[in-house]
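Biologist: Could you take me slowly through this structure, so that I can learn how to read the surroundings of a ligand and a piece of the fold?

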Amino acid sequence: MTRVFSGVKPTGHLTLGNYLGALRRWAEVDQHQADALFCVVDLHALTVDHDPARVRRLSRQAATLLLASGLDPRRCTVFVQSHVDEHARLSYLLECVATDGEMRRMIQYKEKAAREQARGGSVRLSLLTYPVLMAADILAYGTDEVPVGDDQTQHVELARDLAVRFNHRYGHTFVVPKATSPKVAARVMNLQDPASKMGKSDDSGPGIVYLLDEPEVTRKKIMRAVTDSGQDVVHDREGRPGIANLLEILAACTGGDPEELAGGYASYGALKKDTAEAVVELLGPVRERHRELCADPGFVEGVLRAGAEKARAMARPTVDAAYRAIGLLPA
Ligand code: TYM
């Protein structure tokens with residue numbers, strides 16, 4: 001059976017981008033078709049300036065939202081990264097296979113490091129090695145497929161490269177994984193700045209639809225989305241990025257095709273209205289289940305405890321094999 005692994009980083013409240021690019025597919029497809037693990041990758045949240053209490057709060061909230069999105073602990077394994085030591089153990093070995101140049105070429109590193117420096121802050125070393133830890137997350141489980149949004153494909157490519165290199169040098173140890181992304185909405189853009197990704201750690205609240213936004217707030221954000229000059233509704237990512245983004249969101253929500261949907265609209269206003277309603281309708285049940293789960297925190301904790309135990313048992317043999325293959329003396 002195909003092994004699937006994916007994760008979400010608790011650096012902010014989860015967004016419509018996370019849902020359409022990743023979570024929804026995990027719940028609707030992956031957990032039914034594969035042996036799947038989904039992880040709140042809390043160690044990754046420590047790579048930029050962070051507040052410990054906030055990371056803890058966001059980790060719990062992200063885990064609750066994974067379940068609220070429809071992940072069923074009877075069908076898949078849901079856990080928190082720091083509960084399973086194998087991720088950090090394997091990450092060090094992979095640092096001994098990765099190169100400094102490779103890390104510095106990562107787009108997200110370049111962007112985030114530049115942002116930290118512009119703020120006058122310093123860049124944590126862990127921000128540079130982040131993709132190695134991500135590779136460890138993936139390779140520890142013998143993962144075949146990694147369902148992610150577009151922004152993560154370069155990182156998954158690196159995990160592939162490291163797996164191939166390790167296997168070549170030290171003998172076959174890792175499955176070589178590949179990224180999969182959704183056909184539409186693989187990169188949901190910020191509603192106020194359609195040239196940038198809708199990212200949960202960004203500051204521009206009005207351009208980001210959060211999964212837990214009240215319906216009225218969601219409607220307002222979508223109705224106020226920046227559109228392009230012009231009148232006709234066409235799906236043109238380059239020329240009309242604002243409208244293309246709304247068409248993609250609508251298509252992802254309704255199961256339609258952005259090009260075909262474009263033909264049905266005579267004005268931007270009507271498109272915005274339908275998009276807002278489609279998003280509100282899609283997220284309604286998630287918010288509802290989130291509310292129910294918050295009333296039963298013991299349930300979520302139990303899921304995470306059992307998930308970590310299962311994950312540990314799955315990762316340990318591969319990580320132990322990597323320790324032996326690379327030349328470490330067995331304990
Ligand atoms: P993160 O937490 O930024 O995002 C979680 C998932 O949501 C997708 N996503 C989007 N998809 C479409 N449009 C958007 N605007 C958008 N924003 C986010 C992401 O592509 C991702 O699939 N490094 C990863 C977390 C990670 C991971 C892993 C993922 C750590 N280890 C191992 C897979 C496998 C990250 O920061 O995702």
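The questions below turn to the ligand and then to a few strands of this predicted model.

Biologist: Which helix gives the most residues to the shell around the ligand?

Modeller: The ligand is surrounded by 27 residues, and the closest include Lys9, Gly17 and Gly21. At least two residues of this shell come from each of β1 (3–8), α1 (16–33) and α6 (125–139). The element that gives the most, with five residues, is α1.

Biologist: How many residues of the shell around the ligand are nonpolar?

Modeller: The shell draws at least three residues from domain 1 (3–181 + 297–326) and at least three from domain 2 (189–292). When its residues are divided by character, five are charged and 10 are polar, while the nonpolar ones number 12.

Biologist: Are the residues of strand β3 on its two faces buried or exposed?

Modeller: Strand β3 covers residues 77–80, with Thr77 and Phe79 on one side and Val78 and Val80 on the other. A residue counts as buried if 20 or more other C-beta atoms lie within 10 Å of its own. By that rule both faces are covered, and these four residues are all buried.

Biologist: What is the handedness of the β-α-β unit that β2, helix α2 and β3 make?

Modeller: Strand β2 (residues 35–40) runs parallel to β3, and four bridges join them. Within this pair, Phe38 stands opposite Val78 in β3. Together with helix α2 (residues 52–68), the two strands make a β-α-β unit that is right-handed.

Note on methods:
Residues are numbered from 1 along each chain as its sequence is written. This is a predicted model: local features need pLDDT of at least 70, side-chain atom pairs count only at pLDDT 80 or more; totals for chains, interfaces and linings use all residues. A residue is near a molecule or strand if its C-beta atom, placed from the backbone, lies within 6 Å of it. Ala, Val, Leu, Ile, Met, Phe, Trp, Tyr, Cys and Pro count as nonpolar, Asp, Glu, Lys and Arg as charged, and the others, Gly among them, as polar. Domain bounds come from an automatic or database domain assignment. A residue is buried if 20 or more other C-beta atoms lie within 10 Å of its own, exposed if 12 or fewer, and partly exposed in between; C-beta atoms are placed from the backbone. Two strands pair if DSSP finds at least two bridges between them. A crossover is right-handed if, with the strands pointing away from the viewer, the path from the first strand over the helix to the second runs clockwise.
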